[in-house]
Amino acid sequence: MKIFIVIPAYNEEEKISETLKKLSQIKYPIVVIDDGSKDRTWEYITKYKIISLKHKINLGKGSALKTGCEAAFKMGADAVILMDSDGQHDPADIHKFTRALKDDRAEIVFGLREYGTDVPLIRFLGNKIASVVISLLFGIYISDILCGFRALSRKAYEKVHWDSKGYGVETEMIVRTAKNKLSYSQIPIQALYHDKTKGVTLLDAFHILFDVLKWRINL
Amino acid sequence: MIFGFQLIAIVFALIMLYFAFLHYQRKEINGMEIVSWWIIWIVTIIIVIFPGLLKDFAGVFSITRVFDLMVIGGFIFVIFLTYKSYIKAKILEKKIEELVRKESLKDIKDAKKK
C-alpha cells in the first residue's frame, strides 16, 4: 500500500522546520502545502526533500488538505495520512495509522489525542460537546472531533470529498464518513500542545456548528 | 405641498439617478440595469410626491399606512438583493478556490500517465 503524508501549513515558520525534521526518518513521501503563508514558511519548506505545493492566497485548511490529497493520489498514493504542521503530532504514531489501514482494513482512521493538563479547558469541553452533538445528529461517535491526525484510503477520499474550506473540514469528514457508512477506527495518539492561540477559535466553532446543521439537512 | 422629508427623499433619488447614469457611462452597468434602476428611482420620486397613489394598493394587503407598505416593500427588496449578493459571493469563492488549487497542482505529474 503506497502511503503519502499530507501536511497543510499556514504561517508556521516557527514550527515547520522542527516538524519536518522529526519526519525526516519517515520512509513515506511527504506533501506539504503552504496555504498562502505571509511569513517564511515556504522558504523553510523548500529546504527539505519533500513535495512542496503553494497556494497563492490563503484558502483555509480544508482547501489545503484537498490540494495535498489530490496531489498524493495523482502521484499514485493508495492512502494518505494527514498531519498538522505545528508539531502537535508525533511521527512515532504513524505506524498505528498504517497498521489500521492495512490490517484492520479501516477506510478512515481517526486519531484520538491523549491530553495532558495544558489544554485549555474550553477547548477540551468544546471538543467533547461537539462529539456528543455529532453522535446525536449523525449516529457516529468520534471522541476527538478536531484532531487533524488521521488517515484515509483513496476510496474513502472519493466518498468524503469535503466542501469545507476552513476548519470545518475535520468535522465534515466525520459527517460524510457516517453518511457513506465507511469503515473507520480510532487510535490513541500523543499530542504536544504548543499554541493555545492558534487553531479553532470560538468564532470557528460557531461556523462549524452552523455547518453541522446545514449538513444534517442537506447531506 | 412637499414637506421637508419628502424634499430630502426627492433630492436623494435624483442623486441616485445621476449615480446610475455615471455607472452606465463607465460601462459598469449595462443598458438593462440602468433602465431598471431609473424606473425604481423615478417611481420612488412619484410615490414620495403623491403618497396617496399607494393608499388603495396598501389596502389590498390590509396595510393601513402607505409608509408601512413602503417599509415592508423595502425590506423585501433588500433581502432579495442580499440573497443575490450571497449567491454571487459563493460562486466567486468557489471559482477562486478552484483556480488557486489548480495553479498549485499544475506541476504534479499524474502517475497513471507515466
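Which residue forms a salt bridge with B:Glu97, the closest N and O atoms being 3.8 Å apart? The partner is B:Arg101, and that pair is a good way into this predicted model. Chains A and B meet in a contact made by 17 residues of chain A and 13 residues of chain B, with about 1,400 Å² buried between them. Here's a quick tour, starting with the spot around B:Glu97 and working outwards.

**Around B:Glu97**

- B:Glu97 sits in helix 4 of chain B, which runs over residues 66-105.
- B:Arg101 and B:Glu97 are four residues apart in that helix, so about one helical turn separates them.
- Both ends of the pair count as buried: B:Glu97 has 6% relative accessibility, and B:Arg101 has 9%. The cut-off for that label is under 20%.
- The pair isn't on its own, either: a network of salt bridges links A:Lys66, A:Glu70, B:Glu97 and B:Arg101.
- Which residues is B:Glu97 in contact with, leaving aside neighbours within four places in sequence? They are A:Leu59, A:Ser63, A:Lys66 and A:Lys165.
- One of these, A:Ser63, also makes a polar contact with B:Glu97, side chain to side chain, at 2.7 Å.

**A:Ser63, on the other side**

- A:Ser63 belongs to helix 3 of chain A.
- Is A:Ser63 buried or exposed? Its relative accessible area is 0%, so A:Ser63 is buried.
- Setting aside residues up to four places away in sequence, A:Ser63 touches B:Glu97 and B:Arg101 in chain B, plus A:His55, A:Ser164 and A:Lys165 in its own chain.

**The interface as a whole**

- Carbon and sulfur atoms account for 62% of the area buried between chain A and chain B.
- On the chain A side, A:Leu59, A:Lys74 and A:Lys165 provide 37% of what that chain buries against chain B, more than any other three residues.
- How many salt bridges does the rule find across the interface of chain A and chain B? There are four salt bridges.
- In one salt bridge, A:Lys165 pairs with B:Glu93, and the closest N and O atoms are 4.0 Å apart.
- As for polar contacts, five residue pairs are counted between the two chains, with both residues at pLDDT 80 or more.
- Strand 3 (51-55) and helix 3 (61-74) of chain A each give at least two residues to the side that touches chain B.
- Helix 3 of chain A has the largest share of that side, with six residues.
- Sorted by class, the chain A side has six nonpolar, four polar and seven charged residues.

**Chain A overall**

- Chain A has eight helices and seven strands.
- Its radius of gyration is 16 Å, close to the 17 Å that the globule rule gives for 219 residues, so chain A is as compact as a globular protein of that length.
- Measured out along the principal axes, the C-alpha atoms of chain A fill a box of roughly 45 × 35 × 35 Å.- Buried residues account for 52% of the 219 residues in chain A.
- Taking contacts in chain A between residues at least 6 apart in sequence, 75% join residues at least 24 apart.
- A:Leu213, in helix 8 (residues 202-218) of chain A, is partly exposed at 46% relative accessibility.
- The C-alpha atoms of A:Leu213 and A:Ile134 are 9.8 Å apart, with their positions 79 residues apart along the chain.
- A:Lys181 is in the loop between helix 7 (169-179) and strand 7 (184-190) of chain A, and A:Lys181 is exposed, with a relative accessible area of 73%.
- A:Lys181 and A:Glu12 are 35 Å apart, C-alpha to C-alpha, and 169 residues apart in sequence.

**Salt bridges within each chain**

- Over all chains, the rule's count comes to 19 salt bridges.
- Side chains of opposite charge can pair when their charged atoms come close.
- In chain A, A:Glu172 and A:Arg176 form a salt bridge, with the closest N and O atoms 2.7 Å apart.
- A:Glu172 and A:Arg176 are four residues apart in helix 7 of chain A, so they are separated by about one helical turn.
- A:Glu172 is buried, at a relative accessible area of 0%, and A:Arg176 is buried at 12%.
- In chain B, the side chains of B:Arg65 and B:Asp68 meet in a salt bridge of 2.9 Å, N to O.
- Here the residues are partly exposed: B:Arg65 has 49% relative accessibility, and B:Asp68 has a relative accessible area of 26%.

Methods
Residues are numbered from 1 along each chain as its sequence is written. Chains are lettered from A and ligands numbered from 1 in the order in which they are written. This is a predicted model: local features need pLDDT of at least 70, side-chain atom pairs count only at pLDDT 80 or more; totals for chains, interfaces and linings use all residues. Side-chain values use heavy atoms; hydrogens and water are left out. Contact means heavy atoms within 4.5 Å. Buried area is the accessible area (1.4 Å probe) that two parts lose on being put together, summed over both. A polar contact is a pair of N or O atoms within 3.5 Å; within protein, one must be able to donate a hydrogen and the other to accept it, and residues adjacent in sequence count only if both atoms are side-chain atoms. Ala, Val, Leu, Ile, Met, Phe, Trp, Tyr, Cys and Pro count as nonpolar, Asp, Glu, Lys and Arg as charged, and the others, Gly among them, as polar. Buried means under 20% relative accessible area, exposed over 50%, partly exposed in between (1.4 Å probe, protein chains only). The radius of gyration is taken over C-alpha atoms; the globule rule is 2.2 Å times the number of residues to the power 0.38.
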